[in-house]
Amino acid sequence: MALDRNVYAKLQEIVGERWVSEDPVHLETYRCASVQTASHYGPYDNRTPVPQAVVLPGSTEEVQQVVRLCNEYKIGFKASTTFWAAAGYVGDDNSIQLDMRRMNKWEIDEKNQIAVMEPYAIAAQIQAEAMKHGLSCAITGAGCSTSILASTAGWNGGGPSTISMGNNHDNLLGAEWVLANGEIVRLGSLGSGSGWFSGEGPVFSARAVLRGGQGMGGDMGVCTRIATKLSPWPGPDHLPTYGDAPAYKADLPDNFRAYTICFPSWDAWARGYTAFYDNEIIYLGHRQFNMFGRDLKAAMIKIITDPDKQLADLNWLLEDPETQRQNADMKIDTQIVIAGMTERDLAWKEAALDEILADVGAHKSEMMLTKEMVDYTLAYLIRMGHKNLNYVYAGSYEGNMAWSSNVFVDAEWMETVVALKKKWEDEHDYFARVGGDSGLGSMTRAGGGGSTGFEFFIHYDGSDIHSVKGTRKYMDYTPIWMKEHGFGQDLGRVNDTARREDGYSYTQEEHNKLFYGTPSAHLMKYQWKMREMMNPNHLGGTYYRTLDPDYRPDAD
Amino acid sequence: MSIKEYRDMQKRCSSCNFCKWIPFDKVKSARFAENCPAQAYYQYNAYSARGRFQLGLCLVNDELKPEGETQKVIQSCLSCGACDVACKICRYNLEPYEHNLELKREVVKAGNELPVQTKMAESLKEEHTMLIGRKMADRDAWARGLSLTDARAESCDVLFFPGCQYAYERPEEARKAVRVLQRAGVKVGYLFDQDACCGGRMHQMGLQDSFEKAASANIAIWENVQAGCIVTPCGDCYHALKRRYAQLGQKKPVLHLTELLDQLIKEGRLTFTKRIEKTVTYHDPCHLGRLGEAYEPWNGHEKKIRSQIVTWEPRRPRYNGVHGVYDAPRDILKAIPGITLVEMERIREYSFCCGAGGGCRDVDPELSKWTAGERMEEARATGADVLVTACPWCVKNLSEAHSGMEVTDVLTLVCEALEEGE
């Protein structure tokens, strides 16, 4: 379906000819392959629909004009920045794709510890600039290649910095939002011309409406600027790295410590986590390297920290008794970084850490105490710049079996979940055999101490249909298992109600059937009302789930 | 290989976008964080390595043809390899640089090479140079009057391979290079009427047959040459000789001129006599730096272990820029009295291209010019007086950015400090 010539000409007028294209090579390269990591959706053997055009706006005004044009002609649109997940791509055949990468400006307000940024200012850039001012920014587990604006305004996620800096959606101070109906909303203090210091006033606060807990996934307009809270960075204005690619390491400053903590049991892990939180001693904390899997992590750490090693070395490393002993030692582990604001602060945090470890019977991994390992741990966690080791085995992963609840509940079930995944690994060859436990995640989530942002990684091969289909089978099974065992929705399929298996958005009728009578029905009805008000032509996708309040199943 | 053989790799690209940035551990500012000139200039996804994997899969699936805008995208790749280094920070089983080259070969296979490429190929075939308008008869003119060893008949310490840029466009510098080596007691040989273009740019543009013909002819001639090694002052030639010729069976050691000069300085065979009071910044040529790693033969196959971990049997050589030539030119600069070396933000394996790579000076001059301007802005930000590099293509492209900053090569500074030719 070609875009109306009139519409295309108007798009060219708005953004300039250079910044709009309908050439097949550009349309095809704005499709998400759902066999790949599509962020808690699939894996399915499809691609998202072909957009009618790709538009690269350069300003809020241009975005507004594009959105108004889309409303005039009832054309869908979806804005995205780094195109990392399926949520960023269009969901029907009558939509245009907005690529926001021309909007990449940023500014740091050192005095107020605020960063203001456009969509394509990625986390690595903001952090590099913030460090020059003695500040840093929260970076989600998705890594520093992602847009802070996206994770702050349109999505969610925790990471190593969550424990000291909060979730990005907590840090939203203000936003400039082109609603899906073309109106521009400026949230919080920005709306009263008072700058960016508060997302909740002094004029009107619509933060919860515009982003909520999950974020709107780009379905309710385009956020063109946000302000986010920055946190103190007690390190140098630039963190130099050494070593050969890819095993770069950052010289750990004197006032920093980096450890891998090994717990004797999941109960000890839960008690340790809550004590870490309560005593406010952790700057960065993540169960990170376990993403490689319980049986493989020591060997993988040796590979990724040595530029001369590669995956072909995995088998012989696994046969090494020393590696096996190290693996066993780190069975229930987590990585932490402590930062001292002063010498006394560091000494106190170190003492508190030692006391907590003694109390729960935990210890610091010896393997991870060498200079190279502490330097690598810091380099990894500070910016998640090696985050895409998620894909290292075969290019695809999906996270499921999410644990965001009370850590003491998690602790009780962890080995049961590990056994389930291990059984599938042992009985099938659908995904990498890593020892069952590939759970990783943050130390806190919304709700503070005692909660986690855990998920279990499943490493599969997106080019191998046997691997894709088998992984899908497992992903189909785990929500059933979780329901049977009294848990909530499985993270791995959380976006299956946002996009259909064929890659398209749901129709309202389909969403009505999906959500009617579910525990979230009232929320979906509320969102239906919000959408009618702000997006009357339904021009986004269906990541913003809705239920028609008048829907009754009998009416079908 | 053919593009179809890249299908699994295309499907295994995770769309993570690391290929658009320098390795994140190396980001020092928001301004100079991007690594791919084509992506940074044209902006659309297709121009990135990730987009090129998607594009390539569409070619395999017959959803796109290597023509029109698709062809333009493919040919905009500067073959600088920056995406390859960034990708391999986390991936051990993707080869974006080789895939980008395969896409270019696909355009040529479809008969869609550009007129300028055809002319270059014709020039290479008839005049043994890709510099259109230059004649083979003039190729050794630069060498007249020098007491060079005739490598066609005599043995020598090094066979000097000037490359087309030095032979035709920088003859004085070529002469200086030889004189400096001779001053250090090196017996320098030259092939005179048998010296010819390396053909490397044909390879970078996807004209593989033309490249291989040129390479095979050179290799055949060199088999009869008695020389300890081949030395070239050109980054492009270095990559061709060190990596690509080796794939075709060339076995003689290959050195870049800066490697040899560095060695001679460290051995005390060259002593600087003049101070040069300048602050300089060094630009790493892509084909000398991250693409300057030596070829390692490998004959194996993919093997999955532990169900779905993709690896290789036997262990496969890994090219990720680590072992390129970075220190020799820097060590030379540091050894010159009076010179202060300050670094740009994007250096060594994550250096930013000068814009001349991949034949883009001829194929996409607009992109080439923009890239040079971008690099010169980064150089100016260091506060240096001079940008120094070690490849004549970089010198040419960066000079033409007209940034107001002096651009020169390491050899020129070495000669000045040795008072050679003054």
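## Domains and chain contact in a predicted model

In this predicted model, the C-alpha centres of domain 2 of chain A and domain 3 of chain A lie 29 Å apart. The contact between these domains draws 13 residues from domain 2 of chain A and 13 residues from domain 3 of chain A. On the side of domain 2 of chain A that touches domain 3 of chain A, the elements giving two or more residues are helix H4 (123-131) and helix H6 (162-165) of chain A, and the residues of that side comprise seven nonpolar, six polar and no charged.

Both domains belong to a longer list, since the domain assignment of chain A gives the five entries set out below.

| Domain of chain A | Residues |
|---|---|
| domain 1 | 5-99 |
| domain 2 | 106-232 |
| domain 3 | 245-392 |
| domain 4 | 393-493 |
| domain 5 | 508-555 |

Turning to the contact between the chains, 53 residues come from chain B and 62 residues from chain A. Within the side of chain B that touches chain A, at least two residues each are supplied by helix H1 (7-12), helix H3 (49-60), helix H4 (68-75) and strand E8 (309-313) of chain B. Sorted by class, that side of chain B holds 24 nonpolar, 14 polar and 15 charged residues.

How confident is the predictor, and what pLDDT does chain B average? The average pLDDT of chain B is 97, and 100% of its residues score at least 70, while the model as a whole has an ipTM of 0.96 and a pTM of 0.97.

Terms used:
Residues numbered from 1 in each chain as written. Chains lettered and ligands numbered in written order. Predicted model: local features only at pLDDT ≥ 70, side-chain atom pairs only at ≥ 80, totals over all residues. Domains from an automatic or database assignment. Contact = placed C-beta atoms within 7 Å. Helix = DSSP H or I, 4+ residues; strand = E, 2+ residues; numbered from the N terminus. Nonpolar A, V, L, I, M, F, W, Y, C, P; charged D, E, K, R; others polar. pLDDT = per-residue confidence, 0-100.
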